[in-house]
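Student: Could you take me through one part of this model closely, the pocket, and then show me how a few other places compare as background? I would like one connected account rather than a list.

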Amino acid sequence: MVIAHQPKRWAGLPVFAVALVLVAVVGSLAAVDAGGEYLSLERPPWAPPQWLFGPAWTVLYVMIALSGWLAWSAGGLTPALGVYAVQLVLNAAWTPLFFGAGRYGLAFAEIVVLWLTILLTIVLFRRISRPAAWLLVPYLLWVTYAAALNFAIWQLN
């Protein structure tokens, strides 16, 4: 299938973009002062600077939206997109747990489930669209790093 010849497929791209914007908004509303809270936490020496999170997540959210759209364009509504939706919900839930509620241990357990769900999404997307799967690899790597950081902060605080 050539996506460029399917105008209906292009119309789906904004849907995926809006879904990722909603995920980002939920996280930001749940933790209005996440940056200040992050700076007040005891962090490991390898923790990134606060300013890095915004640009990193912006790039990742664009890649996640494109990935979902590519998988949908190539295969339509499949169970893989259901798993994709679950990982979006888990992504949105992490910030309120960590920053909003200060539940670092629970947030760590949740991010482990998120990591597994991202991995499953990659495996399922690979069967539908390899580019869609590859677009999620940086996300998986970032969440791996975030999980290690979450665990370290949980132990230090």
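Tutor: Here is a walk through the pocket, followed by a few sites elsewhere in the chain.

Please keep in mind that this is a predicted model. Let us begin with the space itself: the largest pocket holds about 660 Å³. Its lining is made up of 27 residues. If you want to find the centre on your screen, look for Phe53, Trp57, Trp94, Thr95 and Phe99, which lie nearest to it. Several helices take part, and those giving two or more residues to the lining are H1, H2 (34-40), H3 (53-75), H4 (79-100), H5 (104-128) and H7 (137-156). Of these, H7 gives the most, with six residues. The chemistry of the wall may interest you as well: the lining has 18 nonpolar and nine polar residues, and no charged residues. As for how such a space is found, rolling a probe the size of a water molecule over the atoms shows where empty space is left.

Now pick out one of the residues nearest the centre, Trp94. Trp94 sits in helix H4. Its relative accessible area is 16%, so Trp94 counts as buried, the cut-off being under 20%. Along the chain, Trp94 and Leu114 are 20 residues apart, and their C-alpha atoms are separated by 8.7 Å.

Staying with helix H4, turn to Pro79, which also belongs to that helix. Here the relative accessibility is 71%, and Pro79 is therefore classed as exposed, since that class takes values over 50%. Pro79 has a partner in space too: Phe125 is 46 residues away in sequence, with 9.9 Å from C-alpha to C-alpha.

In the loop between H3 and H4 you will find Gly76. With a relative accessibility of 13%, Gly76 is buried. Gly76 and Ile128 are 52 residues apart in sequence, while their C-alpha atoms are 9.5 Å apart in space.

For another loop, go to the one between H2 and H3, where Pro49 lies. Pro49 has 38% relative accessibility and is partly exposed. Pro49 and Ser67 are 18 residues apart along the chain, and 27 Å separates their C-alpha atoms.

Finally, helix H1, which also contributes to the pocket lining, has a surface feature to look at. Val25 lies in this helix, which covers residues 7-30. Val25 is partly exposed, with a relative accessible area of 36%. Together with Val21 and Leu29, Val25 makes a nonpolar surface patch of about 270 Å². Val25 can join such a patch because its 36% passes the requirement of over 30% relative accessible area.

Note on methods
Residues are numbered from 1 along each chain as its sequence is written. This is a predicted model: local features need pLDDT of at least 70, side-chain atom pairs count only at pLDDT 80 or more; totals for chains, interfaces and linings use all residues. Side-chain values use heavy atoms; hydrogens and water are left out. Patches are made of residues with over 30% relative accessible area and no salt bridge: like charges are joined within 9 Å, nonpolar side chains (Val, Leu, Ile, Met, Phe, Trp, Tyr) within 5 Å. Accessible areas come from the Shrake-Rupley method with a 1.4 Å probe; for residues, only the protein chains shown count as cover. A salt bridge is a side-chain nitrogen of Lys or Arg within 4 Å of a carboxyl oxygen of Asp or Glu. Helices (H or I, at least four residues) and strands (E, at least two) are DSSP runs, numbered from the N terminus. Buried means under 20% relative accessible area, exposed over 50%, partly exposed in between (1.4 Å probe, protein chains only). On a 1 Å grid over the protein atoms alone, a cavity is a set of points where a 1.4 Å probe fits but cannot get out, and a pocket is an open set with protein on both sides within 12 Å along at least five of seven lines; lining residues have an atom within 4 Å of a point. Grid points are joined across faces, edges and corners, and a volume is the space filled by probe spheres set on the points. Ala, Val, Leu, Ile, Met, Phe, Trp, Tyr, Cys and Pro count as nonpolar, Asp, Glu, Lys and Arg as charged, and the others, Gly among them, as polar.
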